[in-house]
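Have the model open and turn it around as you read. This report takes the fold first, then the core, then the charged side chains.

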Amino acid sequence: MAQGFYEILGIDHRSSTEAIHAAYHDQLAELVRRLRAARRQGADVTILEGQERALKEAMQVLSDPVRRQRYDAYRRA
């Protein structure tokens with residue numbers, strides 16, 4: 001099952017915008033560390049790059065009040 005934006009960021013649906021930004025930066029920092037380590041080892045990083053795209057999309061949607069409201073309505077439906 002695909003993860004929702006809240007799960008990707010590891011936050012609750014009632015989280016504030018500040019909490020969303022903090023969670024995004026924490027998740028992104030960890031992902032960048034993993035990406036750099038994988039690249040140093042010559043590993044395939046396509047999965048990690050996909051996770052990075054999903055993380056950025058989650059941030060874009062949840063940090064915009066209008067898009068977040070639409071997303072929440074979609075999740076309830």
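What follows is a walk through the structure, from its overall layout down to single residues.

Before anything else, this is a predicted model: local features need pLDDT of at least 70, side-chain atom pairs count only at pLDDT 80 or more, and totals for chains, interfaces and linings use all residues. Residues are numbered from 1 along each chain as its sequence is written, and side-chain values use heavy atoms, with hydrogens and water left out.

**The overall layout**

The chain has four helices and zero strands, so the order from the N terminus is α-α-α-α. Helices here are DSSP runs of H or I with at least four residues, strands are E runs of at least two, and both are numbered from the N terminus. Along its principal axes, the C-alpha trace spans about 40 × 25 × 15 Å. Of the 77 residues in the chain, 32% are buried; buried means under 20% relative accessible area, exposed means over 50%, and partly exposed is in between, with a 1.4 Å probe and protein chains only. Take the contacts (heavy atoms within 4.5 Å) with a separation of 6 or more: residues 24 or more positions apart account for 54% of them.

**Two helices to look at**

Start with H2, which covers 17-40. This helix has 24 residues and reaches 34 Å from its first C-alpha to its last, close to the 34 Å expected at 1.5 Å a residue. The expected span is 1.5 Å times one less than the number of residues. On its buried side you'll find Ile20, Ala23, Tyr24, Leu28, Leu31, Leu35 and Ala38, and the buried residues of H2 pack against H1, H3 and H4. Just after H2, Gly42 takes a positive phi of about 75 degrees.

Now for H3, at 46-63. Its 18 residues should span 26 Å at 1.5 Å a residue, and the end C-alpha atoms are indeed 26 Å apart. Buried in H3 are Leu48, Glu52, Leu55, Ala58, Met59, Val61 and Leu62. Those buried residues pack against H1, H2 and H4, the last of these being 65-76.

**The core**

Which residues touch the most other members of the largest nonpolar core? They are Phe5, Leu9, Ile11, Leu55 and Leu62, out of 20 residues in that core. H1 (5-9), H2 and H3 each supply at least two residues of the core, and H2 gives the most, with seven residues. A nonpolar core, by the way, is a set of buried Ala, Val, Leu, Ile, Met, Phe, Trp, Tyr and Cys residues joined through side-chain atoms within 4.5 Å. In soluble globular proteins, nonpolar side chains tend to be buried together.

Leu62 is a good one to click on. Not counting residues up to four places away in sequence, Leu62 touches Phe5, Tyr6, Leu9, Ile11, Ile20, Arg68 and Tyr71.

**Charged side chains**

A search of the whole structure finds five salt bridges, each a side-chain nitrogen of Lys or Arg within 4 Å of a carboxyl oxygen of Asp or Glu. Here are some of them.

| Pair | Closest N to O distance |
|---|---|
| Arg14 and Asp12 | 3.1 Å |
| Glu30 and Arg33 | 3.2 Å |
| Glu52 and Lys56 | 3.5 Å |

Arg14 is exposed, at 64% relative accessible area, while Asp12 is partly exposed at 36%. In the next pair, Glu30 is partly exposed at 36% and Arg33 is exposed at 51%. Glu30 and Arg33 sit three residues apart in H2, so about one helical turn separates them. Glu52 and Lys56 are four residues apart in H3, also about one turn of the helix. Glu52 is buried, whereas Lys56 counts as partly exposed at 37%.

Then there's Arg68, in H4. Is Arg68 buried or exposed? Arg68 is buried yet has no salt bridge, and the nearest side chain of opposite charge, Asp72, is 4.2 Å away. (Lys and Arg count as positive, Asp and Glu as negative; His and the chain ends are not counted.) A polar atom of the Arg68 side chain does lie 3.0 Å from the backbone oxygen of His13. Leaving aside neighbours within four places in sequence, Arg68 is in contact with Tyr6, His13, Arg14, Ser15, Ile20, Val61 and Leu62.

Arg70 is found in H4 too, but Arg70 is exposed, at 60% relative accessible area.

Notes
Polar contact = N/O pair within 3.5 Å; in protein donor to acceptor, adjacent residues only side chain to side chain.
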